[in-house]
Structure formats: C-alpha cells, structure tokens
Amino acid sequence: MNLVDLPPELATRSNPLIEAVRAIAQGPLAQQAYAIDRGAYPENVLKQLAEVGAMSAHLPQADGSPGDYGLAIAAMAEASRVCGATGFMMWCQGVAGLYMQASGNPALAGERLARHVRGESLGGTGLSNPMKSFAQIETLLLKATPVEGGYLINGALPWVSNLAPNHYFGTVAAVSTPDESASREIMFMLRCDAPGVTLKACPEFAGMEGTGTFSVQCKDLFVGADDLVADPAKPLIARIRGGFVLLQCGMAAGIIQGAIDSMWAVEGQLGHVNQYLEDRPADLQAEFDALLARIMKLAETPCDTTTDYFLNVLDARCHCGELSLRAANSALMHQGARGYLMQSDVQRRVREAQFVAIVTPAIKHLRKEMARLSVQEMPA
Amino acid sequence: MSVATPSASLAPAEAAWQLYICHACGYIYNEQEGDPDSGLLAGTRFADIPDDWACPLCGVTKSDFTLYVAPDLSALKTRASGLASTHLTAPRSAPGIVVVGAGKAGWQLVQNLRSQLPDTPVTLVTACAGDVYDKPLLSVAMARQIQPQALVKETGREAAARWQVRLLAHTQALHICPESRTLRTTQGPLRYADLVLAHGAEAALLAPLRADLCWRINHLQAYQRFQAALGTTPRHVAIVGAGLIGSELANDLALGGHRVTLIDTQARPLARWPADQAGEPLLAAWSGLPIHFMGAVQLQALLREGEQYRLHTSDGQTVLADQVIAATGLVTPTRLARSADLIWQNGIAVDAQTLQTSVPHIYALGDCISVNGQSSRFIEPILRQAQTLTAALVRTDQRQAQMRNSAALPCAQPYAVRDAVVRVKTTSLPLSLH
C-alpha cells in the first residue's frame with residue numbers, strides 16, 4: 001500500500017525522532033499489530049520506542065530544553081497510525097513519566113525517572129477513576145490510612161494498562177480522616193510487585209488485548225515517602241490535567257490518519273462506487289487537519305490551568321473520539337468485504353476507534369465535564 | 001503492427017514486478033512478495049502460477065485476476081477536490097440554520113425566519129431552558145415580589161413547538177469549526193448551513209468581585225437563585241455599580257422591602273448620561289426608601305464573613321451585607337468568536353447590510369455584536385437586526401435553491417445604529433436618558 005503524505009501539521013514535525021518512530025512503526029510494529037490486538041504485549045517495541053525518546057518528548061530534556069507536547073503527540077500519532085494499542089501504551093508510559101517528573105520527589109524524579117525514560121522500566125496510569133471522581137462521576141476506589149512513615153492502601157481498580165508484575169503506575173487514594181471537611185487525596189506510584197498487590201486478568205476485550213491491562217487489588221499496601229507523587233494530590237493534578245488529556249489526542253490522530261490512508265488505498269479501484277458514501281477521505285482529511293492544527297496550538301501551552309484552556313482541551317479530545325469513530329467506520333465502508341476480514345487493519349481500526357471513544361475520558365464523560373465547567377458560577 | 005512492443009522484448013527476470021488484482025475480493029498479488037502460504041515463493045511471476053492456485057482470501061482462481069496498476073494518489077486527490085462542489089459531496093440532509101442563544105434576539109429571529117422560510121430546519125441551542133420572558137421585568141419582579149416562574153410567558157418547549165424549531169436546551173455551545181461548518185456542543189456536533197450567534201453579553205466581573213461571592217442578575221435562572229437566597233425576610237443587599245441596571249435593582253429591591261447599599265466610583269448614580277443630570281433628582285426621589293448611596297468610592301475587597309459578605313471601600317468604609325450584586329457593566333463572551341477567528345471590535349464585528357461576521361455563513365445579532373465598533377445592549381435594535389438578518393438569510397437560501405430571479409429576492413434592509421433613548425424603570429422617578 002502506498003501511504004499518503006502526512007498532513008501538513010504532521011509533516012512539519014518531520015525530525016529525527018519522528019523518522020525513528022516511523023522506522024519502528026512501519027517495521028517491527030507493523031509485523032506485530034494483529035498479534036498485539038489479539039493479546040501479545042509488545043515489550044520490545046515499547047522499549048525501542050522509549051530508547052529513541054518517543055515517550056518522553058513532552059518532559060524536560062537532558063540538555064535542559066523544555067518538553068515539547070506537540071512532538072510527543074506527533075510521535076504517538078506515527079505509531080498509532082500502524083497500531084492504536086501501541087499508541088495507547090505510549091500514552092500510558094508518557095503520563096507515568098509526567099507524574100514522576102512533576103512530583104519533584106527526588107526518589108521518583110531522579111534515577112527512577114531516568115530508567116523510565118530510557119525504557120528500562122515500564123509503567124502506566126490508574127487515573128481513570130480519580131479523574132471521574134474529580135468530575136463527580138464516580139467515587140474514589142482506593143483508600144489510604146495514615147500510618148507511621150506513610151500510608152496503607154486498600155481497595156481495587158478495575159483496569160489499568162501497560163502493566164506486568166515488575167511494572168508500576170501512578171494513581172490516587174482518598175485519605176481516611178475522622179474530619180470530613182479536611183478530606184484530601186494522595187497521589188503515588190504503585191509498584192505492582194509490592195507486598196499486598198495482586199494483578200488479576202481482565203475479561204476478554206473486543207480488541208487491543210495486548211495492552212497489559214489488569215485489575216489491581218491492594219490489601220494493606222504500604223506507600224512511603226519514596227513513592228509519593230503529591231500530598232495533597234489535587235494541586236498537582238490541576239497542573240497536569242491539560243497535558244494529560246491532550247496527549248491522548250496523539251493516539252486518536254494516528255488512528256484517524258490510518259483510516260483515511262486505507263480509504264485512499266482503494267480509491268483507484270473502488271472510487272466509482274465509493275463516491276456514493278458520506279465521509280469521503282478528502283472531507284475527513286480537511287476536518288482532521290483543522291482539528292490537528294487546534295491540538296498543536298493547544299500543545300504549546302500544556303501548563304495553562306485556566307478553565308477556558310481546559311474546556312478547549314476537552315473539546316479537542318472529544319472531537320478526536322467522534323472523528324475516530326466516523327473515520328474508522330467510513331474506512332470499513334470504503335474497503336467493503338476486505339475490511340471485514342478479521343486480520344484486516346481496517347477492521348482492527350474500528351475497534352481501536354471505539355476504544356478512543358470509550359476510554360477515560362469517554363465522549364460522554366467529556367461532554368458532562370464540559371457542561372459542568374461551562375455553567376455560570378453563582379454564590380452558594 | 002509487426003513491431004514488437006518494448007515490454008515484450010525484455011526478459012522476464014529483468015521486467016518490473018507487477019501487481020495483479022482479484023476481481024472478487026480486491027486481494028492484490030504482488031509478484032515480488034509471492035504467496036508463501038500457498039507455496040508461491042517471493043519473485044514468482046503471475047504467468048508462472050499454476051492454474052489451480054486459488055486466491056488466498058476468497059478462493060477464486062487465477063483467471064479472475066487482472067493486471068493492476070496502482071493509481072497515482074495525487075491525481076486521485078486532485079480529481080476528488082474538483083468534485084467537491086458537486087452534489088456527490090454535498091451534505092445528504094439539509095443542516096439548516098443553527099441559532100445560539102434563546103433570549104430576545106434568538107426567539108425574535110426564529111419568529112421572523114418562520115414567516116419567510118417556513119420549511120428550513122432551524123435548531124436553537126441554549127444554555128438555559130429556552131423559556132420566553134421579558135428580561136427588563138426581572139428587576140420589576142423584585143419590587144412586586146413576583147415568583148420567577150410567573151415571568152415566563154411561554155416555556156421553551158412550547159415556543160419550539162409553535163415555531164417548529166428543534167430546541168437544544170441546557171446545551172453549551174463550545175466551539176465553531178468553520179471549515180466543516182460544525183458547531184460543537186455538549187450534546188454533540190451540529191452541522192449548519194448558516195450559523196447565527198445570539199448569545200448576548202454577561203455581567204462583567206472586575207476584581208475584587210468574584211463569581212462565587214456576588215450575583216449577576218442577567219437571566220431568569222440567576223434571578224430564581226437570587227430570590228431563593230434572599231428568602232422571605234427583609235435583607236441587606238449591596239449593589240456594586242449605579243448605572244442603569246444597578247439603579248433599577250436598587251429601586252426595586254427597596255420597594256420589595258429590602259435595605260440597599262448602592263456603591264459606585266462616580267459621585268452620582270447614572271453618571272454615564274451626564275447631559276441628563278439625573279443622579280441628583282433620583283437620589284432625592286429615593287429619600288423615602290431604604291437606599292444608601294456610597295458615591296465616589298472604589299470597592300477594594302469583598303470577603304465572605306460567616307453567612308454574610310464584608311465589603312471594604314477605598315475610603316476605609318466597610319459594609320456588611322447579606323447578598324452582593326455586581327452591576328458593573330456587560331461584556332460579550334469571546335469563546336465562540338475566538339474559536340472561529342471572527343473579527344472582534346468591542347464585540348463580534350458584523351456587516352450592517354447583512355449582519356454577517358467576518359467569516360462566511362456565520363452571522364450574529366443582539367447584545368454580542370458591534371457595528372463599526374459600537375455595541376448596543378437594548379431591546380429596540382434587536383427587532384430591526386432580526387429583520388435585516390432574516391432578509392440576508394432568505395437571500396442565501398434562495399441562492400442555494402438556485403432561484404436566480406432577482407426580483408423575487410427581498411430587499412436588503414441595512415441595520416442602522418441609532419442613538420437610543422433609554423427608559424429607566426426607576427419607579428420612584430421614571431427617567432428617559434439620551
């Protein structure tokens with residue numbers, strides 16, 4: 001298949017990192033994409049991606065230059081264009097690094113972060129439940145009881161991705177206090193191999209089975225100062241929430257572009273019938289280019305904490321979910337029966353697009369949160 | 001012809017690798033890759049494939065394959081872009097006119113549109129319930145202690161049914177994508193043929209005023225909440241800003257039995273209309289009412305103190321009030337205008353001939369617009385704006401319907417900015433300001 005040229009927003013991102021990611025994506029990753037969808041965890045590909053810096057471009061660089069969220073998104077898009085599951089795990093690894101870096105905790109931001117950035121250790125994020133809790137959609141599932149030198153954590157998270165027995169992830173627990181009004185949360189890195197932690201396999205998903213997704217149960221897990229990201233958690237989360245959500249757009253961008261690519265691939269042969277379909281590739285490309293331009297503009301100021309900025313991030317992310325569904329579905333209509341074959345990338349992308357639309361923050365969560373944040377505030 | 005073609009003169013091994021396509025399922029056989037799963041090594045020429053070989057995807061035989069030349073994608077794209085204006089890529093269902101805002105401007109436009117374009121789909125998007133009421137009566141209702149719901153002349157649902165529009169109530173408009181003519185909302189994206197912004201203006205909040213500490217009584221919902229907060233016993237209300245709104249509210253809250261402290265940076269109320277010198281007579285008319293005017297002071301701090309609010313002014317005075325109202329002027333929200341890069345001049349700049357903004361297919365009317373940099377926050381201009389805009393939208397609609405008979409097009413009625421006479425419903429002393 002001839003891959004079409006990158007859209008202008010991605011093309012301007014052509015640099016050594018993007019070239020390196022493209023080589024991995026179209027080489028070893030393309031070979032494994034179907035296997036990853038069915039359950040193979042691509043540890044080697046992820047480590048290769050980490051080695052070239054594909055999951056740390058948004059973090060301050062070793063030479064002192066600031067992080068580049070636009071570049072991180074472009075790198076994720078490049079991989080997601082071939083395999084959405086891998087793009088999702090890049091996001092997991094990327095935000096886990098963000099937590100460690102933003103913690104300011106020397107025990108996390110030093111050698112542990114350096115190993116993480118190099119891909120020598122891998123990790124994920126268990127912020128789905130906390131994010132829904134802060135948006136008043138769910139209550140916090142993990143509880144922290146203060147003890148000498150730290151906290152004891154109890155509770156279970158239903159599914160956390162990019163995990164293995166020697167991985168770790170960032171998450172949040174509600175601190176149990178007798179005084180209701182003094183309620184607060186802590187954020188910490190949870191080591192999957194710590195005493196009291198059990199990883200349990202999840203039921204089979206429709207796709208993206210190779211994402212290392214487990215339910216995590218904690219029974220009196222001790223978390224000490226070395227693993228604390230923030231106490232209290234909310235000020236740190238307010239600082240990183242924009243970048244956290246925005247980075248997910250990289251996964252969607254790749255899936256959308258991959259879907260458009262596969263429409264063009266059959267245009268010469270099937271254009272005479274495909275012209276009767278809605279959501280034609282040129283129309284989708286125009287809409288996607290405008291969306292990507294909006295995302296890249298937002299990526300210039302990831303630390304903006306205003307409500308107005310966050311609304312823009314949420315809406316861009318929501319548009320990513322909607323356009324992923326439309327593009328993947330239209331690609332299937334354009335390809336017809338060959339796109340309905342189980343091994344077809346077009347078929348796989350439909351399931352990846354559905355994931356973009358339902359993973360936290362899902363389209364419905366985004367709309368509810370935007371409605372909540374848009375209502376004019378009044379005195380209590 | 002007897003001359004051999006160039007390709008026939010090449011030995012097979014030197015010829016370029018060819019592609020062959022299955023007519024049944026679209027599978028492409030690449031000579032360079034072969035079909036190892038079926039025993040065809042990489043480099044197997046199509047001519048050398050045994051006749052009993054079957055398509056690995058759908059099982060048809062070799063005879064159903066023909067030579068395939070991969071299309072030039074750039075040529076395909078160029079052709080596709082040339083088709084963009086034909087019916088093949090036009091929207092399948094008419095997206096119609098989408099109006100943002102169900103205040104006076106939004107409903108007035110709907111009413112005018114329906115008389116001219118009875119069949120065009122119209123969608124009204126509003127953050128509130130869409131109920132029809134007269135905003136100037138919000139203040140009067142306080143004097144007469146009228147229940148908020150009694151101000152509603154027609155519910156949004158009833159009005160939508162009467163005017164045959166789709167009402168999206170309690171829906172926030174978030175972003176405009178002009179390239180795909182889509183309005184993004186909290187109820188999902190809406191396509192539009194033409195978009196009209198009628199979202200009005202909102203009370204400005206300058207520090208130290210804060211949304212969680214003071215009321216902005218600019219719509220029915222805020223009035224409802226404010227009434228509930230006041231309760232049924234007389235209260236002390238501080239109003240910051242003694243312009244038109246602040247003075248009317250002070251007047252009506254005092255008549256409603258509440259004690260009012262009215263604060264302004266100017267020495268007299270209604271100082272924006274110096275020619276009328278209305279401040280002094282108004283204060284005199286208020287002498288029998290529990291209104292305390294604090295002129296020529298700046299508000300320096302506003303703090304919560306238990307259930308009450310403490311206001312500190314620049315000259316060292318403090319006021320303890322049960323509720324605080326901000327009446328320090330109106331500002332136009334910028335979110336939608338910024339999202340579409342609309343030209344902004346003290347509001348959304350529109351062309352007086354058509355009320356079109358700087359971006360095609362996006363129009364605006366009401367409190368959110370400016371004509372030659374001048375905005376207006378009064379009712380009277382809205383009626384004339386709705387007429388001008390309706391005429392413009394009818395012309396667009398007829399152009400789209402390719403009715404080229406220009407005689408059938410309604411005359412454009414340019415909207416003209418006029419100096420408005422402002423009637424102040426300070427019942428203690430009804431005023432007209434110029």
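**Exercise 1. Charges**
Find how far apart the mean positions of the positive and negative charges of chain B are.

*Solution.* Start with the tally for this predicted model: chain B carries 35 positive and 34 negative charges. Then take the mean position of each set; the two lie 10 Å apart.

**Exercise 2. Overall form**
Work out why chain B counts as more spread out than a compact globule.

*Solution.* First, the inventory: nine helices and 25 strands make up the secondary structure elements listed for chain B. Next, put 434 residues into the globule rule, which gives 22 Å. The radius of gyration of chain B is 34 Å, well over that value, so the chain is more spread out than a compact globule. Finally, look at the principal axes: the C-alpha trace spans about 115 × 60 × 35 Å.

**Exercise 3. Inside and outside**
Say what share of chain B is buried and what supplies its exposed area.

*Solution.* With buried meaning under 20% relative accessible area, 47% of the 434 residues qualify. On the outside, chain B exposes about 21,400 Å², and carbon and sulfur atoms supply 52% of that. As for contacts with a separation of 6 or more, 60% of them in chain B link residues 24 or more positions apart.

**Exercise 4. The partner**
Describe the contact of chain B with chain A, and name the three residues of chain B that supply the most buried area.

*Solution.* Count residues: 42 come from chain B and 36 from chain A. Now the area: the two chains bury about 3,300 Å² between them, with 54% of it on carbon and sulfur atoms. On the chain B side, B:Leu73, B:Arg184 and B:Arg335 supply 16% of the area buried against chain A, more than any other three residues.

Technical notes:
Residues are numbered from 1 along each chain as its sequence is written. Chains are lettered from A and ligands numbered from 1 in the order in which they are written. This is a predicted model: local features need pLDDT of at least 70, side-chain atom pairs count only at pLDDT 80 or more; totals for chains, interfaces and linings use all residues. Side-chain values use heavy atoms; hydrogens and water are left out. Helices (H or I, at least four residues) and strands (E, at least two) are DSSP runs, numbered from the N terminus. The radius of gyration is taken over C-alpha atoms; the globule rule is 2.2 Å times the number of residues to the power 0.38. Buried means under 20% relative accessible area, exposed over 50%, partly exposed in between (1.4 Å probe, protein chains only). Contact means heavy atoms within 4.5 Å. Accessible areas come from the Shrake-Rupley method with a 1.4 Å probe; for residues, only the protein chains shown count as cover. Lys and Arg count as positive and Asp and Glu as negative; His and the chain ends are not counted. The place of a charge is taken as NZ of Lys, CZ of Arg, CG of Asp or CD of Glu. Buried area is the accessible area (1.4 Å probe) that two parts lose on being put together, summed over both.
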